[in-house]
Amino acid sequence: MHKKGFPKGFLWGGATAANQYEGAYLSGGREAATSDAVTAGSFDHPRMITYKTDDNAVGQTERMGKLPDGAAGLIDPESYYPSHAATDFYHHYQEDIRLFAEMGFKSFRLSVSWSRICPKGTKEINEEGLEFYNSVFDELLKYGIEPVVTINHFDMPMYLADEYDGWSSRDTIDNFMFFAETILRRYKDKVKYWMTFNEINFMKSWVYTGVRNNDLQHQYQASHHMFLESALTVSLAHQINPEFKVGMMVSYVPSYPNTCRPEDVMAAIIDNREKEFFIDVQVNGAYPSYKLKEFEREGVNILKEDGDDEILKNGTVDYIGFSYYMSTVSAANKDDLEKTGGNQRTFAKNPYLNASEWGWMLDPMGLRISLCQLYERYHLPLFIVENGLGAVDSIEEDGQIHDDYRIDYFREHIQAARDAVVLDGVDLMGYLPWGCIDLVSAGTGEMKKRYGFIYVDMNDNGKGSLKRIRKDSFYWYKKVIESTEGA
Ligand code: BG6
């Protein structure tokens, strides 16, 4: 153990995702994905899905035009779709990786765009897409940066969503397996760390799952297919290369009881199951009893085939990856709680904490609490694969970005992670701050909400030179990595 508390080989770095960073959405043989049909939004004006799925589609609009050739579906020609260009990693990857190397990154998390490898999501390969990621991995390895790959982060080929209703169809497993196997085999000597689905507990979104009808039955059936997929991927990955580490990924927002009234404590236990359910299945390889009881009460009937239980049992994950941004509060009586903004939905306000400009509760101690809860419950290595502060940055007269607020945020969260390692004995693999370079917000589609150590000149209307500028936090994070590096 190094004097600063983090273990030797600790994976310092940063995290991104194709749908928010890569751009070039119809270049190089890629076809459209669900995430390409979501307009930009803002703090008080939600993003819109303009793709017409069916009459039940959430957020659909009547104003629609046609996507360019090669893309399936319909878009509104008057709306702006930030994923189409994003912050253009596709054309800037060499420059960006050079900057990550300058900060001293040991690892870098990115996702592979499914429709770049398999344009329709079916068993047809786009060799140019495979070559793109091959070049990215080579570039990372040139600087000794370990790629950490999310196989699927918040998107699905439009064709699959259309023809198969996304994850509600069992056929999607077969199609995804083809995609997963293709990349696991192609990059087997370049990538060691994999994650199946980003934030698998956000299952209500058509963009993430391609499922039109999001009643409980459809949602959980889709989750069942994703669990099978995850387990099959883990098993196959270990056959391809026993050295592979394959993890799962959840959004972890710990919920505290509003008071010490036992009813509030029970409410917090129930709310925490919202994410624990997804971890329980992927770590223990079986559905937990509380969920089976809930299915009985709610009339949810998961359609299983022979052998499903064995697949889940045999494909449990090697580590738990999670995002941590905030905590929340639970109460037996919801009227006792005040609402505030949060990751993908509204949460309850905690009067003891401050909030970000988007209303997310800032809680560094909550990170230590999360690490302890997860480690003590699951006894698996943990990986913080997202953490960060979404804030408005401005370029000052000196041409620089003085983001002290971000430095303060990271200082406190890294200290909390260190305490979990040093004082609580948590086995922590690494720390990958979200949006280490500015990218499009998933929740609001804004550029204004920035997370990066590196500023990208791009605004909410898609205007900007895409120039990269190091923020003050860039130099600060570089020093953190230098000073905590294993001896
Ligand atoms: C996580 C996602 O939910 O939070 C990311 O995995 C997302 O894709 C991040 O960008 C931050 O959320 P937002 O809405 O501020 O972009």
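Here are four short exercises, each with a worked solution, on a predicted model.

**Exercise 1. How are helix 13 and helix 14 oriented relative to each other?**

Solution. Let's begin with a general point: two packed helices are described by the angle between their axes and the distance between those axes.
- Step 1: Find the two elements. Helix 13 covers residues 404-422, and helix 14 covers residues 472-484.
- Step 2: Look at the distance and the angle. The two axes come within 8 Å and cross at roughly 25 degrees.
- Step 3: Apply the cut-off. Angles under 35 degrees count as roughly parallel, so helix 13 is roughly parallel to helix 14.
- Step 4: Add the handedness. The crossing of helix 13 past helix 14 is right-handed.

**Exercise 2. Which residues make the contact between helix 13 and helix 14, and how do they divide into nonpolar, polar and charged?**

Solution.
- Step 1: Take helix 13. Its part of the contact consists of Asp-404, Arg-406, Ile-407, Phe-410, Arg-411 and Ile-414.
- Step 2: Take helix 14. Asp-472, Ser-473, Trp-476, Tyr-477 and Val-480 contribute from this side.
- Step 3: Sort them. The residues of this contact comprise six nonpolar, one polar and four charged.

**Exercise 3. Is Ser-473 buried or exposed, and what does Ser-473 contact?**

Solution.
- Step 1: Locate the residue. Ser-473 belongs to helix 14.
- Step 2: Check its accessibility. Its relative accessible area is 0%, and buried means under 20%, so Ser-473 is buried.
- Step 3: List its partners. Leaving aside neighbours within four places in sequence, Ser-473 is in contact with Asp-403, Arg-406, Ile-407, Gly-452 and Phe-453.
- Step 4: Look at Asp-403 again. The side chains of Ser-473 and Asp-403 are joined by a polar contact of 2.5 Å.

**Exercise 4. Where are Val-246 and Gln-221 found, and what surrounds them?**

Solution.
- Step 1: Place Val-246. This residue sits in strand 7, residues 245-251, and is buried, with a relative accessible area of 1%.
- Step 2: Name its contacts. Leaving aside neighbours within four places in sequence, Val-246 is in contact with Trp-194, Thr-196, Val-234, Ala-237, His-238, Val-317, Asp-318 and Tyr-319.
- Step 3: Compare sequence and space. Val-246 and Leu-428 are 182 residues apart in sequence and 15 Å apart in space, C-alpha to C-alpha.
- Step 4: Turn to Gln-221. This residue lies in helix 8, residues 216-240, and counts as buried at 8% relative accessibility.
- Step 5: Name the contacts of Gln-221. Not counting residues up to four places away in sequence, Gln-221 touches Trp-167, Asn-301, Ile-302 and Leu-303.

Definitions and conventions
Residues are numbered from 1 along each chain as its sequence is written. This is a predicted model: local features need pLDDT of at least 70, side-chain atom pairs count only at pLDDT 80 or more; totals for chains, interfaces and linings use all residues. Side-chain values use heavy atoms; hydrogens and water are left out. Axes are lines fitted to C-alpha atoms, for helices over the stretch in contact, and angles run from 0 to 180 degrees between N-to-C directions. Helices (H or I, at least four residues) and strands (E, at least two) are DSSP runs, numbered from the N terminus. Angles under 35 degrees count as roughly parallel, over 145 as roughly antiparallel, 65 to 115 as roughly perpendicular and the rest as oblique. A crossing is left-handed if the near helix is turned anticlockwise from the far one by less than a right angle, and right-handed if clockwise. Contact means heavy atoms within 4.5 Å. Ala, Val, Leu, Ile, Met, Phe, Trp, Tyr, Cys and Pro count as nonpolar, Asp, Glu, Lys and Arg as charged, and the others, Gly among them, as polar. Buried means under 20% relative accessible area, exposed over 50%, partly exposed in between (1.4 Å probe, protein chains only). A polar contact is a pair of N or O atoms within 3.5 Å; within protein, one must be able to donate a hydrogen and the other to accept it, and residues adjacent in sequence count only if both atoms are side-chain atoms.
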